[in-house]
Amino acid sequence: HEYSPTGKLASELTCLAWGKVPASGTASATKKKKAKQVHDVVAIGNIVGSVMLWDCSRGELRQTFGGEGSGHTGKVHDIALNASGTLLYTVTADCQVTCWNVSTGALSWRTSVGKNAATRLLVHGDDDEIVTASTAIKMWDVSTRTSTRKLRGHAAAVISITYSADHKYLISASQDRFILVWQTAGDSSDPLLTLTLDATPIQLSMREGTDENDDKSELLALSEAGAVAIWRFNPTMHQDTKIKGSAKKSNKSSPASTPRDVRPLTPNCYIMPGKGKGRVHVCAARFQGEDGENVQVCGGSPALPAFLLVKVRDAKGALLDKVSLASEATAGALSKGLLLQQEESSK
């Protein structure tokens, strides 16, 4: 489908979010039996505070939120749906975070995020917490609509943020080219781990080890340069340990945590876009499958992108140091897909 906002909604688009919402209650009883219980949707925000919720299967505008006369007219920076698809959240340039009822389109509540407008927004899987991010990251209790924790560490605006699958860790990426891993439990304001990339990271994906003997996690980041980096690390080795006992003996207050190795970690694996006419710029990437043997990438021409699976492990299951992507030299050959060339380097 092609979505073309018209009239008052035809303003510059600023962000979008994919999700699922309960099926509409307006269908007839016969149609209800045949219809899916949930519908795939995409929510699109614009520069004047409007959010359009489009039904992907029907290609119809399902609901609108905010805009002229609503008090929600600031540029929409980010959108997120809760797990059940009943609530939609927005953060806007006027430093507000707003909650909307998906079914009615009505505003449920709104509060200020502080002096700096949030650039990114995330909803916890249990729907009891949301996270907003500018340069600092704030965790919010949805029931009380109050900030419960503030995380500092980035020197520039956060442009991507996600949870690990088990929600034990929060991962954020910023224009300062650093990726920070935070522990969601506890009250520490310091990151557990710092990862560095040679270009601004714009997309994140994390997977846990599936083997009971594998206690390491893997983080994938796509950079604006079109390359993909993967880190392999054990988050538990970097967790804060509260100091007890020593403070009592010295009658001094204990520090928040024990000293940690804060040196940034460099990637274990690179998926490179290639060089010259064979360069393949990657615009999206994610882990494919539970074993993490492959990474699915989308790349090539923006007008005619192609998808392929990139093998990132050797025969023993270890991450390859480097994988190089290459397309056929002629532009016409791109329409037939991408050729994959892998280069294993021993460092």
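1. Nonpolar cores. In this predicted model, the largest nonpolar core comprises 19 residues. Those with the most contacts inside this core are Ile230, Ile271, Val295, Val310 and Val312. At least two core residues come from each of β18 (217-223), β19 (228-233), β20 (269-272), β21 (282-288), β22 (294-300) and β23 (305-311). Strand β21 gives the most, supplying three residues. A second core, separate from this one, has 17 residues, including Leu197, Ala229, Phe233 and Tyr270. As background, nonpolar side chains in soluble globular proteins tend to be buried together.

2. Overall composition. The secondary structure of the protein consists of three helices and 24 strands. The chain has 347 residues, of which 44% count as buried. The exposed area is about 18100 Å², and carbon and sulfur atoms supply 49% of that area. When contacts between residues at least 6 apart in sequence are considered, 45% of them join residues at least 24 apart.

3. Aromatic pairs. The structure contains two aromatic pairs. One of them is formed by Tyr89 and Trp109, with ring centres 6.1 Å apart and an angle of 65° between the planes. Because edge-to-face geometry requires planes over 60 degrees apart, this pair is classed as edge-to-face. The two residues belong to distant parts of the chain: Tyr89 lies in strand β6 (residues 87-92) and Trp109 in strand β8 (residues 107-112), 20 residues apart.

4. Burial of the Tyr89 and Trp109 pair. Are these two partners buried or exposed? Tyr89 has 1% relative accessibility and therefore counts as buried. Trp109, at 9% relative accessibility, also counts as buried. The cut-off behind both assignments is a relative accessible area under 20%.

5. A charge over a ring. Arg207 is placed over the face of Phe287, at 6.0 Å from the ring centre.

6. The surroundings of His124. Where is His124 placed? This residue is in the loop between β9 (120-123) and β10 (129-133). His124 counts as buried because its relative accessibility is 13%. A polar atom of the His124 side chain lies 3.0 Å from the backbone nitrogen of Asp126. With neighbours within four places in sequence set aside, the residues in contact with His124 are Glu129, Tyr163 and His167. The picture for this loop residue is thus a buried side chain with a backbone partner at Asp126.

Key:
Residues numbered from 1 in each chain as written. Predicted model: local features only at pLDDT ≥ 70, side-chain atom pairs only at ≥ 80, totals over all residues. Heavy atoms only, no water. Phe/Tyr/Trp six-rings, centres within 6.5 Å; stacked < 30°, edge-to-face > 60°. Helix = DSSP H or I, 4+ residues; strand = E, 2+ residues; numbered from the N terminus. Buried < 20%, exposed > 50% of the residue type's maximum accessible area, 1.4 Å probe, protein only. Lys NZ or Arg CZ within 6 Å of the ring centre and 35° of its normal. Contact = heavy atoms within 4.5 Å. Areas by Shrake-Rupley, 256 points an atom, 1.4 Å probe, with all protein chains shown as cover. Core = buried A, V, L, I, M, F, W, Y, C linked by side-chain atoms within 4.5 Å. Polar contact = N/O pair within 3.5 Å; in protein donor to acceptor, adjacent residues only side chain to side chain.
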